[in-house]
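This report describes selected features of one model, going from single residues to the ligand shell and a helix pair.

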Amino acid sequence: MPESLEQAVARRRTFAIISHPDAGKTTLTEKLLLFGGAIQLAGEVKAKKDRMHSRSDWMKIERERGISVVTSVMTFEYGDHVYNLLDTPGHEDFADDTYRTLTAVDAAIMVVDAAKGIEPRTLKLFEVCRLRDIPIVTFVNKMDREARDPFEILDEIEDKLALDTAPVTWPIGQGRTFSGTYHLADNAVRRLDSEDTRTPVNGPESDSAAGLLPENDREAFVEEVNLAREACKPFDIEAFLEGHLTPVFFGSALRNYGVRDLINALGAYAPPPRAQQADTRLVKATDSDMTAFVFKIQANMDPNHRDRIAFVRVCSGKLKRGMKARLSRTGKALGLSAPQFFFAHQRQLADDAYAGDVVGIPNHGTLRIGDTLTEGENIVFQGVPNFAPEILRRVRLEDAMKAKKLKEALQQMAEEGVVQLFSPEDGSPAIVGVIGALQLDVLKERLKSEYGLPVSFEAARFNVCRWISADRRADLEKFIDAKRGDIARDLDGDPVFLASDGFSLNYEGERWPDIKFVHVKEYH
Ligand code: GDP
């Protein structure tokens, strides 16, 4: 019997891993893929990165700086579930890319280094997840090394994130004495030396646990488990799905320990594809018409083909290879002749993709970030955010004859989300905006290698940028008229106000109380 849409949707889990650099995201990703059979050998994820580096020129930046710039997706099956793991760049200069990717997931794994606790990037990414109430499963990693007391780690999660914790497993020892985990709710022991076996016991003090727990510290461990049971909240699926409580697992990604329980938890507790808000209605994953939105565009994945891949999250229905969809922004039809699934080391044509799946659609500039594709009525998904840039620069061209080419190239880079582009109302040359300086390096490298345009950047007179709006159109027009020299339009033609610094922004804000200055714009 072919799988129904309801069945296919119920099996999907689409998630990301959030963490501070070095906490173990890459290692965990490898181990998750290993479970999914997507790769044979751990280490392939990194090996793949290396191969890609050597193939692509602009990725030199990544290689030189030892960072991962690209976001990608990895699809794998494990047990009864299909997992779509969306990878995010580790470096904070590419934060806007990460935030956009988080709009396409239904759950996240938060990796915490057992010795370091909640670090700044983790906190920031958690806050982004909280805006959308994304349920979080916590993995306390590196238990095989010197670690903090587990109670202390749980307290820190509760304090810093205002998130209740429910430990599902409890570590037996730590560092050199780490020998496995005790499963609190259902009394079972999994040992580091036989990771695939879970032995039920009658309690930590029972005879059945003899030989599974460290004999010399048995009493102290029993006390700890009892305390954990008393002090911590039990796992509550409702609170988890609402984003108020996180189940916590202890383990070691490097030793491939605890990963099995983590992936099983995602299958058992994490939500299937959630409903997504569009302009006119809430779109349920099981609605029969296919809908999808673009959250990421990646160029040069295969330099031989010079292709651009738009990553879309399917929000409802079934995306079939060869179908025609409508691009809401233009109303035009788009043939989906070669949608692709991505695995750890290959891509494959996707004949059928269901709500929750993420597929790549090769195109030559037709698709932009934030675009909606539909099969039925015309709708536009809300919520792929655009963050006000922190750095504004004018692009200086070495060869002034190529100004037109530069304009086209910048437009394309902006559509891909590499930079943001603002065209001043007074007709002066365009200004590019980025969140982090590395984005400028990527822009420079790509303009040179792909368009043959060597450029440099010079400071603009502006350092702050805000989107502006007003309840009454006339108020907005009055402001724009009065400030024409400080107004620019973004890619969609929406007006922004450019200021030299925060002080003058505040000053104008007080003088023009009817104008709203916002620093996050949602694509529309
Ligand atoms: P990322 O920056 O979050 O992707 O972190 P990586 O996965 O690259 O890991 C950073 C470093 O920590 C690497 O040297 C890993 O080998 C190491 N590491 C990751 N997980 C563990 C673990 O569970 N135990 C130990 N001892 N080291 C780990």
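Leaving aside its neighbours within four places in sequence, which residues is His244 in contact with? In this predicted model, the contacts of His244 beyond that sequence window are Leu163, Asp164 and Ala239. His244 sits in the loop that runs between helix H9 (237-241) and strand E11 (245-250). It has 16 C-beta neighbours inside 10 Å and therefore counts as partly exposed, since the class covers counts between the exposed limit of 12 or fewer and the buried limit of 20 or more. From His244 to Leu443 the C-alpha to C-alpha distance is 39 Å, and the two are 199 residues apart in sequence.

**Ligand shell and helix H2**

The ligand is surrounded by 16 residues. The closest of them are Gly24, Lys25, Thr26, Thr27 and Leu254. Sorted by class, this shell holds 4 nonpolar, 7 polar and 5 charged residues. Helix H2 (residues 25-35) supplies the largest share of the shell, with 3 residues.

H2 is mostly covered, with 9 of its 11 residues buried. The buried set consists of Lys25, Thr27, Leu28, Thr29, Glu30, Lys31, Leu32, Leu33 and Leu34. Lys25 and Thr27 are thus listed among the buried residues of H2 and also among the residues closest to the ligand.

Phe35 also lies in H2. Why is Phe35 counted as partly exposed? Its C-beta neighbours inside 10 Å number 19, so Phe35 falls in the partly exposed class; a buried residue needs 20 or more. Apart from residues within four places in sequence, Phe35 is in contact with Tyr78, Val259, Arg260 and Ile263. For one of these partners, Ile263, the C-alpha separation from Phe35 is 8.6 Å, although the two are 228 residues apart along the chain.

**Positive phi in loops**

Two residues other than glycine with a positive phi are set out below.

| Residue | Phi | Loop | C-beta neighbours inside 10 Å | Class |
|---|---|---|---|---|
| Asp22 | near 85° | between strand E1 (12-18) and H2 | 13 | partly exposed |
| Lys142 | near 65° | between strand E5 (136-141) and helix H7 (150-161) | 26 | buried |

Asp22 is in the loop that leads from E1 to H2, and H2 is the helix that gives the largest share of the ligand shell. Lys142 counts as buried because 26 C-beta atoms surround its own inside 10 Å.

**Helices H11 and H12**

At what angle do helix H11 and helix H12 pack? H11 (residues 403-416) and H12 (residues 437-451) pack at about 125°, and their axes are 11 Å apart. The two helices are therefore oblique to each other: the roughly perpendicular range ends at 115 degrees and the roughly antiparallel one applies over 145. The crossing of H11 with H12 is right-handed.

On the H11 side the contact is made by Lys405, Ala409 and Met413, which meet Leu443, Arg446, Leu447 and Tyr451 of H12. By class, the residues of this contact are 5 nonpolar and 2 charged, with no polar ones. Leu443, one of the H12 residues in the contact, is also the residue whose C-alpha lies 39 Å from that of His244.

How values were computed
Residues are numbered from 1 along each chain as its sequence is written. This is a predicted model: local features need pLDDT of at least 70, side-chain atom pairs count only at pLDDT 80 or more; totals for chains, interfaces and linings use all residues. A residue is near a molecule or strand if its C-beta atom, placed from the backbone, lies within 6 Å of it. Helices (H or I, at least four residues) and strands (E, at least two) are DSSP runs, numbered from the N terminus. Ala, Val, Leu, Ile, Met, Phe, Trp, Tyr, Cys and Pro count as nonpolar, Asp, Glu, Lys and Arg as charged, and the others, Gly among them, as polar. Two residues are in contact if their C-beta atoms, placed from the backbone, lie within 7 Å. Axes are lines fitted to C-alpha atoms, for helices over the stretch in contact, and angles run from 0 to 180 degrees between N-to-C directions. Angles under 35 degrees count as roughly parallel, over 145 as roughly antiparallel, 65 to 115 as roughly perpendicular and the rest as oblique. A crossing is left-handed if the near helix is turned anticlockwise from the far one by less than a right angle, and right-handed if clockwise.
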